[in-house]
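Thanks for asking me to look this one over with you. My notes are below as numbered points, so keep the picture open while you read.

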Amino acid sequence: MSDNQQTTPSAPDDDRDRPLTLAVLRQLIRHDWRTLPGTTLVVLSRDTEGNGYSPFATYSNARYAPTYSDEVGEVYPLPEELEQDKELRELYVDGTPDNAVPALVLYPLG
């Protein structure tokens with residue numbers, strides 16, 4: 001079945017994370033993410049709780065900064081998210097490192 005024949009999955013009826021299908025990923029790339037710069041780094045979370053992040057090896061929207069090594073770091077909220085959310089600003093009171101770069105962060109299901 002081609003992407004054009006596949007329907008977009010309906011929104012989940014609760015807040016649980018769902019597996020990301022290739023069809024949804026293609027739609028995100030073609031529509032939602034099409035304006036992201038080509039230099040945007042793609043970053044993968046090590047686990048569902050966000051305990052460590054690393055660039056996606058073969059080829060996410062936040063800011064990523066290596067903190068533990070060149071290959072493992074942390075993600076930080078975008079400036080506009082911090083501006084709009086006082087609680088988020090309190091969580092990131094130390095700010096975002098100068099070496100943080102825009103990144104599309106991908107999270108595994110488990």
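1. What percentage of the 110 residues of the protein chain count as buried? The figure is 24%, where buried means under 20% relative accessible area, exposed means over 50%, and partly exposed is in between (1.4 Å probe, protein chains only). Before going on, note that this is a predicted model, in which local features need pLDDT of at least 70, side-chain atom pairs count only at pLDDT 80 or more, and totals for chains, interfaces and linings use all residues. Residues are numbered from 1 along each chain as its sequence is written, and side-chain values use heavy atoms, with hydrogens and water left out.

2. Let's start with the overall layout. The protein chain has three helices and five strands, and going along the sequence they come in the pattern α-β-β-β-β-α-α-β. Helices here are DSSP runs of H or I with at least four residues, strands are runs of E with at least two, and numbering goes from the N terminus.

3. Next, the outside. The protein chain has an accessible surface of about 8400 Å², and carbon and sulfur atoms account for 51% of that surface. Such areas come from the Shrake-Rupley method with a 1.4 Å probe, and for residues only the protein chains shown count as cover.

4. How do the strands line up? Two strands pair if DSSP finds at least two bridges between them. β1 runs parallel to β5, with four bridges, and one of the matches is Leu41 with Ala103 in β5. With strand β2 (residues 53-55), β1 is antiparallel, and three bridges join the two.

5. Now follow β3 into strand β4 (residues 73-76). These two pair in the antiparallel sense over four bridges, and they form a hairpin with six residues between them. To find a matched pair on screen, look for Arg63, whose bridge partner in β4 is Tyr76.

6. The loop of that hairpin deserves a look too. Val72 sits in the loop between β3 and β4, and Val72 counts as buried because its relative accessible area is 15%. Not counting residues up to four places away in sequence, Val72 touches Arg46, Gly52, Tyr53, Tyr64, Pro66 and Thr67, contact meaning heavy atoms within 4.5 Å.

7. Which residues make up the largest nonpolar core? There are seven: Val43, Tyr53, Ala62, Tyr64, Val75, Ala103 and Val105. β3 (62-66) and β5 (101-106) each supply at least two residues of this core. The term covers a set of buried Ala, Val, Leu, Ile, Met, Phe, Trp, Tyr and Cys residues joined through side-chain atoms within 4.5 Å. In soluble globular proteins, nonpolar side chains tend to be buried together.

8. Zoom in on one core member, Ala62, found in strand β3. Ala62 is buried because its relative accessible area is 11%. Leaving aside neighbours within four places in sequence, Ala62 is in contact with Val75, Tyr76, Leu78, Val101, Pro102, Ala103 and Val105. You can also check the C-alpha atoms of Ala62 and Glu81: they are separated by 9.3 Å, while the residues are 19 apart along the chain.

9. Is Ser45 buried or exposed? Ser45 is buried, because its relative accessibility is 2%. Ser45 belongs to strand β1 (residues 41-45) and stands opposite Tyr53 in β2. Its side chain reaches the backbone oxygen of Asp47 at 2.5 Å. That is a polar contact, meaning a pair of N or O atoms within 3.5 Å; within protein, one must be able to donate a hydrogen and the other to accept it, and residues adjacent in sequence count only if both atoms are side-chain atoms. Beyond neighbours within four places in sequence, Ser45 is in contact with residues including Gly50, Leu106 and Pro108.

10. Thr40 is worth finding as well, in the loop between α1 (22-32) and β1. Thr40 counts as buried because its relative accessible area is 16%. A polar atom of the Thr40 side chain lies 2.8 Å from the backbone oxygen of Pro37. With neighbours within four places in sequence set aside, Thr40 is in contact with Pro102, Ala103 and Leu104.

11. Last, the charged pair. The count comes to one salt bridge, defined as a side-chain nitrogen of Lys or Arg within 4 Å of a carboxyl oxygen of Asp or Glu. Glu90 and Lys86 form the salt bridge, and their closest N and O atoms are 3.7 Å apart. Both residues, Glu90 and Lys86, are exposed. Glu90 and Lys86 are separated by about one helical turn because they are four residues apart in helix α3 (residues 86-91).
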